[in-house]
Structures are given as structure tokens and as C-alpha cells.
2 protein chains.
Amino acid sequence: MAGISDNIERLIRDMLETNGGHVKIVRNELAGRINCVPSQINYVLTTRFTPEQGYFVESKRGGNGGIRITKCRTGTGSEFIRNLIEASGERLSESKAEMLMTALVKNGLISVGESRLVRSSFSDKALVRLDPMDRQVIRSNIFKQVLSCLLAEREI
Amino acid sequence: MAGISDNIERLIRDMLETNGGHVKIVRNELAGRINCVPSQINYVLTTRFTPEQGYFVESKRGGNGGIRITKCRTGTGSEFIRNLIEASGERLSESKAEMLMTALVKNGLISVGESRLVRSSFSDKALVRLDPMDRQVIRSNIFKQVLSCLLAEREI
DNA sequence: AATGATAAGTCAAAGATGGTCAAATGTGTT
DNA sequence: AACACATTTGACCATCTTTGACTTATCATT
């Protein structure tokens with residue numbers, strides 16, 4: 001009954017479970033083991049291991065590369081961050097993003113220094129080469145990525 | 001687990017460490033010891049021991065020649081950061097940017113946590129909506145913007 | 001000078017990973 | 001049936017690493 005994706009999901013969850021919430025997989029190797037096409041791993045990762053669901057995924061290509069998956073802790077702070085990720089939507093203006101960063105600082109989830117660096121990373125200045133429309137989309141992506149990284153750091 | 005390049009890198013770093021930041025290697029001899037082709041040494045040197053990362057590499061061919069690697073004293077932190085800004089150019093790949101961030105951490109100019117956040121801000125994941133070409137341009141802009149922020153903090 | 005031995009440098013091809021996207025297929029609802 | 005949504009697949013792309021054939025520079029000896 002369970003589809004291939006369900007199997008992949010369960011497998012990864014098990015690995016995370018027995019591995020302290022942190023695993024590295026080699027996409028093609030895993031695909032071979034499960035007997036599916038490699039890109040199906042991506043499908044599972046993008047639909048079932050998202051930041052909103054409390055996971056942080058990184059990868060590196062080329063020889064000796066791989067995909068790292070981290071399960072984030074579910075504490076009150078994490079909850080707050082997850083809400084921000086959901087709240088930030090598809091597009092994000094600089095001022096809205098700044099407010100969200102301020103909220104993070106106020107809740108002690110990020111230091112003032114860190115927040116300054118992150119702010120500058122998605123400032124209009126950094127993104128000046130993009131059309132204003134694109135800018136907001138990219139800013140939202142950056143924001144979410146940084147927040148999921150923050151979640152991952154709060155991992156056990 | 002680590003690839004050959006990682007081993008070479010670690011080996012050289014260790015040698016530098018135990019040798020006061022200064023070593024001479026003989027390319028073919030080292031390649032033989034590590035069991036790789038000689039040109040792989042060049043690959044490691046050009047990707048992981050660049051001036052931007054605080055290394056100076058000289059070489060001499062012919063009999064009694066060799067390669068000298070020196071870990072540069074980086075002057076003041078502000079100088080180092082300014083150099084990085086200049087060196088980062090118009091476009092920046094993710095892996096190059098990561099190595100520059102590592103150099104910042106090693107020089108105590110940014111904390112590990114901060115660097116993680118900044119890395120994720122310009123990761124391919126965060127910039128995935130952009131064409132690969134644009135991505136590198138924007139990444140360079142973000143990188144410079146963050147570094148300028150860092151510089152500003154130090155000069156207060 | 002000329003020559004041969006000894007290093008290092010360059011560059012492009014091959015290999016090893018992962019990523020993206022859209023078409024095909026399946027599943028459930030109206 | 002028609003539609004919407006989720007899953008499965010495969011062709012093609014991007015990036016990082018490893019390898020090797022060919023080139024260039026320096027030294028030591030004649």
C-alpha cells in the first residue's frame with residue numbers, strides 16, 4: 001500500500017532516529033538500495049523534510065559529496081521560528097524582514113551581532129542588482145534559509 | 001570518508017601547524033606518499049590555499065626545486081576583511097565563498113554560528129530561483145555587503 | 001653554450017555526485 | 001467523466017574531484 005515515497009520517508013526518519021537526528025546520505029546509493037530513480041529522493045526531501053516540518057537539508061555535489069539532513073528540536077523557540085518561516089510567505093519587503101529579525105532578537109533566538117549580519121545579507125543594497133519584484137522573492141528565500149539554519153543549530 | 005583532496009589539505013595544514021606556518025614540499029614526493037597524481041596537489045593548492053584564504057604559495061622548478069607554502073600574517077582584522085572584499089570579485093561560487101568564510105572564522109573575525117547563518121544566506125538553496133550565472137553575481141554582492149557590515153562593526 | 005635530468009604548471013577529459021523540470025501516471029472528489 | 005492533486009520517472013544540467021598527457025622552467029654537467 002505504502003508508496004515508494006512513504007518508504008523513503010520512513011527510512012530516513014529511522015536513520016535520523018537511530019542517529020541522533022543527523023544523517024548523511026548518498027543520493028544514488030540510497031536510490032539504488034530502495035530501487036527508485038535518484039530524483040525521487042529529492043521529491044521526498046522537498047515535500048516531507050522541509051524547514052516548516054523541522055528539518056534542515058544541505059548538500060554538496062561532486063566526488064565525496066552527499067546530502068545531510070538534520071532534525072531540529074521542537075522547543076518553544078523552535079516553534080516561534082517555524083511560525084516566522086510560515087509567516088514570511090512568498091515575498092518579503094526589507095522593512096517586513098527587519099521587523100521579523102527584531103522579533104527574533106527580542107525573543108533571544110538570535111544575537112544582535114548575528115542579526116546585523118543577516119540583515120545586511122538580504123538588504124536592498126545586497127540585492128540591488130535584482131528587479132524589485134525578484135528582490136522580494138529572493139529575500140524571502142534567504143530569510144527562510146537562514147531561519148531553518150537557526151532551527152538546525154538549536155538541534156539537540 | 002574524506003576524499004583525496006581533503007587528505008592533502010589536512011596534511012598540509014598539519015605540516016604548517018607543526019612548522020610555524022611555513023613548509024616546503026616536493027610535489028612528486030608528496031604525491032607519491034599520498035598515492036595520487038602530482039597535479040592533484042596543484043588542485044588542492046589553487047582551491048584551498050589561496051591568498052584570499054591567507055596563504056602564500058611559491059614554487060621553483062628543476063633540480064632542488066619545490067613548493068613553499070606560507071601562512072600569511074594577515075595584518076589587522078580590518079585589513080583582512082578589506083582584502084577579502086576586494087578579492088571576491090564580480091562572481092562567487094558557493095564553494096569558494098564557503099572557503100572564504102572558513103578563513104574568516106579561522107582568523108577569529110566571525111564566530112562559527114554567525115558564519116553558519118551567513119553561509120546559508122548565500123547558499124545555492126537560498127538563491128535557487130536565480131539562474132546559476134545571476135546566482136554567482138548576487139552571492140558576491142551579499143558576501144561583500146556582509147563583510148562591509150563586519151568591517152563597520154569593528155570600526156566603531 | 002648545449003644537453004639531459006628534475007621539478008613544477010596547465011588544461012581538458014573523465015568520473016562522481018546532486019539538482020531541476022516537465023511529462024506520465026496514479027488517486028481521490030465533484 | 002472531469003478535475004485536482006500527489007507520485008513516479010527520465011532526460012538533461014551544474015558542480016566538484018580525479019587523472020593524465022603535454023608543456024615549461026631550473027639546475028648540473030659537459
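A salt bridge is a side-chain nitrogen of Lys or Arg within 4 Å of a carboxyl oxygen of Asp or Glu. Keep that in mind for the stop where chain A meets chain B, which have three salt bridges between them. The model on screen is predicted.

**Stop 1: chain A**

Select chain A and colour it by secondary structure. Seven helices and three strands appear in chain A. Followed from the N terminus, their order is α-β-α-α-β-β-α-α-α-α. Along the principal axes, the C-alpha atoms of chain A fill a box of roughly 45 × 35 × 30 Å. Chain A has 156 residues, and 47% of them are buried. Now turn on the contacts within chain A. Of those between residues at least 6 apart in sequence, 60% join residues at least 24 apart.

**Stop 2: where chain A meets chain B**

Add chain B to the selection. Here 26 residues of chain A are in contact with 28 residues of chain B. The two chains bury about 2,400 Å² between them, with 63% of that on carbon and sulfur atoms.

Next, show the side chains of A:Arg116 and B:Glu153. They form a salt bridge, with N to O at 2.9 Å. Five residue pairs are in polar contact across the interface of chain A and chain B, both residues of each pair being at pLDDT 80 or more.

Which elements of chain A supply at least two residues each to the side that touches chain B? They are α6 (112-121) and α7 (132-153). The largest share, nine residues, comes from α7(A). Sorted by class, this side of chain A has 13 nonpolar, seven polar and six charged residues.

**Stop 3: DNA strand C**

Select DNA strand C and the 29 residues around it. Those that come nearest are A:Arg27, A:Asn42, B:Arg27, B:Asn42 and B:Val128. On the DNA side, sugar and phosphate make up 65% of the strand C atoms that come within 4 Å of the protein.

Three contacts can be picked out one by one:

- A:Arg61 has a side-chain N or O atom 3.1 Å from a base nitrogen of DNA strand C.
- B:Ser59 places a polar side-chain atom 2.9 Å from a phosphate oxygen of DNA strand C.
- B:Gly62 has a polar backbone atom 3.1 Å from a sugar or linking oxygen of DNA strand C.

To see where this surface comes from, colour the elements that give two or more residues to it. In chain A these are α2 (27-34), α3 (38-48), β2 (55-60) and β3 (66-71), and in chain B they are α2 (27-34), α3 (38-48), β2 (55-60) and β3 (66-71). The residues near DNA strand C comprise seven nonpolar, 16 polar and six charged.

**Stop 4: DNA strand D**

Switch to DNA strand D, which has 25 residues around it. A:Ser5, A:Tyr43, B:Ser5, B:Tyr43 and B:Arg61 come nearest. Of the strand D atoms within 4 Å of the protein, 60% belong to sugar or phosphate, and the rest belong to bases.

Show A:Ser5 first: an N or O atom in its side chain is 2.5 Å from a phosphate oxygen of DNA strand D. Then go to B:Ser5, where a polar side-chain atom lies 2.5 Å from a phosphate oxygen of DNA strand D. At B:Lys60, a side-chain N or O atom is 3.0 Å from a phosphate oxygen of DNA strand D.

Finish by colouring α1 (4-17) and α3 of chain A, then α1 (4-17) and α3 of chain B; each supplies at least two residues of the surface near DNA strand D. That surface divides into six nonpolar, 13 polar and six charged residues.

Key:
Residues numbered from 1 in each chain as written. Chains lettered and ligands numbered in written order. Predicted model: local features only at pLDDT ≥ 70, side-chain atom pairs only at ≥ 80, totals over all residues. Heavy atoms only, no water. Near = heavy atom within 4 Å. Polar contact = N/O pair within 3.5 Å; in protein donor to acceptor, adjacent residues only side chain to side chain. Helix = DSSP H or I, 4+ residues; strand = E, 2+ residues; numbered from the N terminus. Nonpolar A, V, L, I, M, F, W, Y, C, P; charged D, E, K, R; others polar. Contact = heavy atoms within 4.5 Å. Buried area = accessible area lost by both parts, 1.4 Å probe. Buried < 20%, exposed > 50% of the residue type's maximum accessible area, 1.4 Å probe, protein only.
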